[in-house]
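Subject: The structure we talked about

Hi,

Here is the structure I promised to pass on. Have a look at it first, and then read my notes below.

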Amino acid sequence: ILKDLYDLAYTTGQLHNGRLTDFSGDSCMIVFEEEKSSERSIESVMEFNAGFDEVAGEWNIKDKIHSRAGIVNELAFIEEIPTKDNIRLGILGKAVDLANRLCSFAAMGKVLVNKTVRDHTVNNWQYNKMEPLHLSAPRETLEIFELVGRKIKKPELRDFSHRKIGSVLVG
C-alpha cells in the first residue's frame, strides 16, 4: 500500500507542476513554486484524495485510513541537496510549519487552507471560515478555512437582442 500511495503522491504532484519533498507513509509534502501555486495545490489535493480513496478501497481499508491536508502559500527556502544515491529537495521556513499545523488540525477527510490560499482561489472554490488557530507567539493567530468544494458557476447568458432574423418563415 505504501508504494501505491507514494506513486499517487508523486504522480499527482508532477501532474500539477509540484515536487514531492517528503513522504512518510501517513503524510507527504508537495511543493509548488510558481505563481498559480494556490490553485494548483488545491487541484492536486482534490485529485490525490480521489486516488487515496481508490487505493484504500482496493486494499479494503477504506474505513481505517483517511486523507487530510493543510495548504498554505507562504515563504519557504528550497534547495536541492545531492546525496550519494540521488538528489533530495530540502525545504524550510514558515510554510512548512504552517502546513504541518493545518494538516494536524484538519479532521479526517478535510482540507484546510490559510487566508492567502483562500484569497487566491475564492473565485473557483467554496470555503467555510473556521476559528483561528493560535500559534506559539502570544496573540498571534492564523486565519483558517475549510475547503468545501468547487464553486458551481452559472453559464453566462448572452444578449442576442441585437440580432434580428428576417425570413418569410418567421411570423
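Leaving aside its neighbours within four places in sequence, which residues is Glu80 in contact with? Before I get to that, please keep in mind that this is a predicted model.

Now to Glu80. Once you skip the neighbours within four places in sequence, its contacts are Arg19, Ile87, Arg88 and Leu89. With Arg19 there is also a polar contact: the two side chains are joined at 3.3 Å. To find Glu80 on your screen, go to strand β4, which covers residues 77-82.

Is Glu80 buried, exposed or something in between? Its relative accessibility is 46%, so it counts as partly exposed, given that the middle class runs from 20% to 50%. If you want a sense of distance, try Gln126: it is 46 residues away from Glu80 along the chain, and their C-alpha atoms are 35 Å apart.

Next, the sheet. Which order do the strands of the open sheet follow? There are 4 of them, arranged as β3-β6-β10-β7, and the pairing is mixed. At the edges you will find β3 (69-71) and β7 (125-129), each of which pairs on one side only. Going from one strand to the next, the twist averages 35°.

Zoom in on β3 and you can see how it pairs with β6 (residues 111-114): the two run in the parallel sense, with 3 bridges. Here Ile71 stands opposite Val113, a residue of β6.

Two helices lie across these strands. Helix α2, residues 37-58, lies across β3, β6, β7 and β10 (144-150), and its angle to β7 is about 90°. Helix α3, residues 94-105, lies across β3, β6 and β10, at about 145° to β3.

Last stop: the largest pocket. Its volume is about 1200 Å³. The lining is made up of 45 residues, and the ones nearest the centre are Cys28, Met29, Ile30, Ala69 and Gly70. Elements giving two or more residues to this lining are β1 (18-23), β2 (28-32), α2, β3 and α3. Which element gives the largest share? That is α2, with 8 residues. So keep α2 on screen when you move from the sheet to the pocket: this helix lies across the strands and also contributes to the pocket lining.

Have fun clicking around!

Cheers

Definitions and conventions: Residues are numbered from 1 along each chain as its sequence is written. This is a predicted model: local features need pLDDT of at least 70, side-chain atom pairs count only at pLDDT 80 or more; totals for chains, interfaces and linings use all residues. Side-chain values use heavy atoms; hydrogens and water are left out. Buried means under 20% relative accessible area, exposed over 50%, partly exposed in between (1.4 Å probe, protein chains only). Contact means heavy atoms within 4.5 Å. A polar contact is a pair of N or O atoms within 3.5 Å; within protein, one must be able to donate a hydrogen and the other to accept it, and residues adjacent in sequence count only if both atoms are side-chain atoms. Two strands pair if DSSP finds at least two bridges between them. Axes are lines fitted to C-alpha atoms, for helices over the stretch in contact, and angles run from 0 to 180 degrees between N-to-C directions. On a 1 Å grid over the protein atoms alone, a cavity is a set of points where a 1.4 Å probe fits but cannot get out, and a pocket is an open set with protein on both sides within 12 Å along at least five of seven lines; lining residues have an atom within 4 Å of a point. Grid points are joined across faces, edges and corners, and a volume is the space filled by probe spheres set on the points.
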